[in-house]
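Visitor: Thanks for showing me around. Could we look at the structure together, with a few questions along the way?

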Amino acid sequence: MTMFGRGRGSEPARNAEALRLVGVTKVYGTDAENSVTALDNVSLSLPAGSFTAVMGPSGSGKSTLLQCAAGLDRPDSGAVVVDGEEMTGGTEAQLAKFRRRRVGFVFQQYNLLPTLTVAQNTTLPLKLAGRRVDREKARTILAQVGLADRLGHRPDELSGGQRQRVAIARALVTEPSVIFADEPTGALDTRSARDVLHLLQEAVRFHGRTVVMVTHDPVAASYADSVLFLADGRLAGYMNAPTVDSVAERLAHLGDDVPAGV
Amino acid sequence: MFSLAFRSVRQRPGRFVGTLLAAFLGATVTMTFNSMHDTAGAAGVDDRSAESLTLAAGVVGGYGTLLVFFAIASTLTVNVRQREEEMGLLRRTGATPAQIKRMIVGESVLVALAATVLAIGPAMLGGRALFDMFQDTDQVAADVDFAFGPIALSAGFGITLIAAAGAAYLAVRRATRTAAGAAGAGEPRGRLRNVGGGLALVTGLGGAATTFVFESTDPALMAPAAYGAILLSIGLAAFSPALLRMLLRRVGRPIGALGAGGYLAVLNTRQRAAELAGVLMPLVLFIGVATATVYMQAVESDAIEASGLAKSVDDKNLETMNLIVVGVIVGFACIMLINSLYAATSYRSREFGGQRLAGATPRQVLGMVVTEGLLLTVTGVVLGTAAGLAGLVPFNMVRTDTVWPEQSPLVWLGIVATAAAATMVTGWATARRALRTPAVVAVTKAA
Ligand SMILES: Nc1ncnc2c1ncn2[C@@H]1O[C@H](COP(=O)(O)OP(=O)(O)O)[C@@H](O)[C@H]1O
Ligand SMILES: [Mg+2]
C-alpha cells in the first residue's frame with residue numbers, strides 16, 4: 001500500500017524510489033573489544049510518497065540507520081541513494097549541500113534556533129542554501145501546521161507541540177524528497193503527539209513527501225503505512241498497515257524472530 | 001566541604017584554566033607590588049626609600065584588587081553557566097542549593113589557592129625587578145635589601161582567595177536563582193547595570209573634567225584623566241547594547257544581504273545585544289585604557305622634550321609606572337575578553353548543531369561567528385576610543401594648549417588591531433572546535 005505521485009504539483013519529477021540503502025554497515029569504536037556494530041549490512045528500499053516507521057528495542061540501531069540514511073553520518077560500507085542520487089560527499093560541507101535539496105529533519109528536541117522567530121526558523125534552510133525565500137509559501141505552510149498567528153514569536157514562547165510543528169514546517173519548506181523524523185513525539189503529550197503525527201501523514205498525502213520516522217511507540221507507528229523492525233543492527237521484520245495492537249505484539253516477540261547468525 | 005570540590009577539580013581540570021589564569025595573574029601582580037611594603041618595612045630602611053617603595057606598592061592597590069575580582073568573577077560566571085546542567089542534575093539527585101554553593105565556592109578556592117602558590121615564584125622575580133629599577137634610578141638607597149615576606153604573601157593569598165570565594169558565591173547564587181524563577185530574572189540585573197553604568201559615566205566625566213583644575217606641570221595631572229578613561233570605559237560598556245542595536249539598524253541590511261552567515265550574525269547580535277555587554281566590557285576597557293595611557297605618556301614625553309629639559313628621575317619612574325598600569329589592565333582585560341568570548345561561543349555548540357542540521361556548512365557557521373566578532377569589534381572600538389579620548393583630550397589641552405594630540409595614530413591602530421585579532425581569533429578558534437562535534441551529537445548534548 002504505497003502511494004505514488006500525489007500532490008506534487010509543479011515540482012521537478014521525483015524518482016519513484018525515494019530512498020535505497022545497499023549493504024549499509026556502521027561500526028562504532030575502533031578496537032575489537034569495544035567496537036559496536038550498530039548497523040549490520042542493512043539493505044532496504046522505500047518508494048516515494050510512503051510513510052515508514054522504524055521500530056526496535058533501545059540500542060538496536062534505529063538512530064544510526066536514520067543518520068546514515070539522512071547523510072548526517074557516513075556508513076563504514078554500503079551505499080545510500082536518496083531520490084536517485086548516491087551520497088558520495090566526503091566533507092561535512094559536501095554532505096550538507098547534498099542534504100539541502102533532498103532531506104528534511106524533525107528531531108525529538110526540535111532544534112529550533114532561539115534567536116530566530118517562527119517565520120525565520122522556517123525559512124532558514126532556504127537562506128542557507130542560497131535559494132529564493134518565498135515568504136508567502138512559508139506563511140502558507142505555517143498556516144497548515146496551525147501557526148498562522150505565531151509567525152513573529154520565538155521558540156521559547158511556544159509549547160513543545162508548537163515547536164515541533166515549526167520543525168515540521170521547516171522540514172517541508174525546502175520540498176525535500178525524504179523527511180527523517182527521530183522520535184518526533186518523544187517529548188510531547190498525547191494530544192500534541194497526535195497533531196504532529198497527523199501533520200507527518202499530511203506531508204505524505206498532500207505534499208507528496210516520503211517520511212521515515214523512528215519511534216518506540218506503537219501508537220505513533222500505527223500512523224505510518226508500514227513498519228520496519230530492527231534488532232541488533234539488522235532488519236528483523238516488516239509490517240504493512242500497522243495497528244497499535246499488531247505492532248505491540250510484534251515488538252514483544254521481536255527477539256524470538258531473529259535466529260542467531262542470520 | 002572540600003571532598004566533592006576536590007574530586008570535581010581533579011577530574012575536569014580543563015574547565016578551570018580560565019579561573020586559574022585570572023587568579024594567577026591577579027596573585028602575581030598583588031604580591032609583586034606588596035613586596036615593596038615588605039621591603040620598606042624592614043629594619044634600617046631610610047624614610048625616603050620607604051616612601052618611594054610605599055608609593056609604588058599603592059600604584060595598583062585599589063583598582064588592582066578590583067580587577068582581580070572582576071577577572072576571577074568573569075571566568076567563574078562562565079564556568080558556572082556552562083555547568084547549569086550538572087547543577088540541575090545534582091539538585092535532582094538530592095543536593096541542596098547550599099551544598100551546591102559549597103561545592104562551587106570550594107572549587108574556586110582550591111583553584112585560587114593553587115594559582116597563588118604558583119604565583120609566588122614569578123612575583124618574587126617581578127618584585128625584585130621592580131625593586132632593582134628603583135635602586136638603579138636612586139629612588140631607593142643602595143644599602144636597602146629586597147624582601148618578600150608576610151605582607152606580600154598575606155595580600156596575595158587574602159585578595160585572591162576572597163575574590164574567588166566571593167565571585168563564586170555570587171555566580172552560583174545568580175545561577176540557582178535564575179533556575180528557580182527562570183523568567184524575569186534578567187530584569188533587575190538590567191536595571192542594576194544601568195544604574196552602575198550611569199554612575200561610572202558621571203564619575204568618569206567628572207574625573208576627566210577635574211584635569212582642567214590642575215596646573216600643566218603638576219605631576220598628578222595624568223591621574224584624573226586616566227581614572228576618567230577607566231570609568232568611562234566601564235560606563236560606556238554598560239550601555240553598549242544600545243549602540244550595538246543602533247549599529248545594526250544601519251548595517252544590518254547590507255550585512256544580512258551578504259549571505260546566510262551575515263544574516264544569522266545580524267539576527268543573533270540583535271537578539272543577544274544585552275548579553276554581549278559582558279564581552280564588550282573588557283574590549284572597551286582594553287581599547288579605552290590602552291589608548292588613554294599610552295598617548296598621555298607620549299604627550300607628556302614630547303612636552304618635556306619641547307620644554308628643553310631632560311627627563312627627571314621622577315618623570316622616568318612615572319613613565320614606567322604608567323606602562324606597568326597599562327600592562328596590568330590590558331593583561332586582565334585580554335584574559336576577560338578571551339574567556340568571556342570563549343564561553344559565549346563554546347556554549348553555542350548546540351545552536352551551531354541546529355544550524356548545521358538546517359543545512360549550514362561549517363563555513364557558513366564560521367562566517368556567522370566572524371561577522372558577529374566584527375560587529376562586536378566595531379562597537380568596542382567606537383566606545384573604547386571615545387572613552388580614551390575623553391581622558392586624553394583634556395590632558396592634552398592642559399599640558400600643551402592644543403585640543404588634539406599631534407601624535408601619530410599608528411599606536412591606536414595597533415591597539416585596535418590587537419583587540420580585533422583577540423576577538424576574531426578567539427571566536428573563530430572556539431567555533432571551529434565546537435564544529436568538530438558531529439551536528440547530531442551537538443544538539444543532543446548539553447554544551
Ligand atoms: N556515537 C556513538 N559511539 C559509540 N557507540 C554508539 C554511538 N552511537 C550509537 N552507538 C551504539 O550503537 C548502537 C545503536 O545505537 P542507536 O542507533 O542510537 O540505537 P537506537 O536509536 O535504536 O536506540 C548502540 O549499541 C549504541 O550504544
Ligand atoms: Mg535512538
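**Contacts in the model**

Guide: Happy to. Let us start at the ligand: an oxygen atom of ligand 1 is 3.3 Å from a polar backbone atom of A:Ser60. Please keep in mind that this is a predicted model.

Visitor: An oxygen atom of ligand 1 is 2.9 Å from an N or O atom in the side chain of which residue?

Guide: The residues that surround ligand 1 include A:Tyr28, A:Val36, A:Lys62, A:Ser63 and A:Thr64. A backbone atom serves in the case of A:Gly59, where a polar one is 2.7 Å from a ligand oxygen. The side-chain N or O atom at 2.9 Å from an oxygen of ligand 1 belongs to A:Ser63.

Visitor: Moving on to the two chains, which side chains meet in a salt bridge between chain B and chain A?

Guide: Between chain B and chain A the count is one salt bridge. A salt bridge needs a Lys or Arg nitrogen within 4 Å of an Asp or Glu carboxyl oxygen, and here the N to O distance is 2.8 Å. The partners are B:Arg356 and A:Glu92.

Visitor: Which helix gives the most to the side of chain B that touches chain A?

Guide: On the chain B side, 23 residues are in contact with 24 residues of chain A. Four helices of chain B each supply at least two residues to that side: H11 (260–306), H13 (349–357), H14 (362–400) and H16 (439–444). With seven residues, the one that gives the most is H11(B).

Visitor: Within chain B, how many salt bridges does the rule find across the interface of domain 1 and domain 2?

Guide: Domain 1 of chain B covers 1–185 and domain 2 covers 186–447. These two domains bury about 2,400 Å² between them, with 73% of it on carbon and sulfur atoms. For residue pairs in polar contact, both at pLDDT 80 or more, the rule finds zero across this interface. For salt bridges, the number is also zero.

Visitor: And which helix supplies the largest share of the side of domain 1 of chain B that touches domain 2 of chain B?

Guide: The helices that each supply at least two residues of that side are H2 (17–41), H3 (47–59), H4 (61–82) and H6 (97–136) of chain B. By class, the side has 17 nonpolar, eight polar and three charged residues. The largest share, ten residues, comes from H4(B).

Notes
Residues are numbered from 1 along each chain as its sequence is written. Chains are lettered from A and ligands numbered from 1 in the order in which they are written. This is a predicted model: local features need pLDDT of at least 70, side-chain atom pairs count only at pLDDT 80 or more; totals for chains, interfaces and linings use all residues. Side-chain values use heavy atoms; hydrogens and water are left out. Domain bounds come from an automatic or database domain assignment. Buried area is the accessible area (1.4 Å probe) that two parts lose on being put together, summed over both. A polar contact is a pair of N or O atoms within 3.5 Å; within protein, one must be able to donate a hydrogen and the other to accept it, and residues adjacent in sequence count only if both atoms are side-chain atoms. Ala, Val, Leu, Ile, Met, Phe, Trp, Tyr, Cys and Pro count as nonpolar, Asp, Glu, Lys and Arg as charged, and the others, Gly among them, as polar. A residue is near a molecule or strand if one of its heavy atoms lies within 4 Å of it. Contact means heavy atoms within 4.5 Å.
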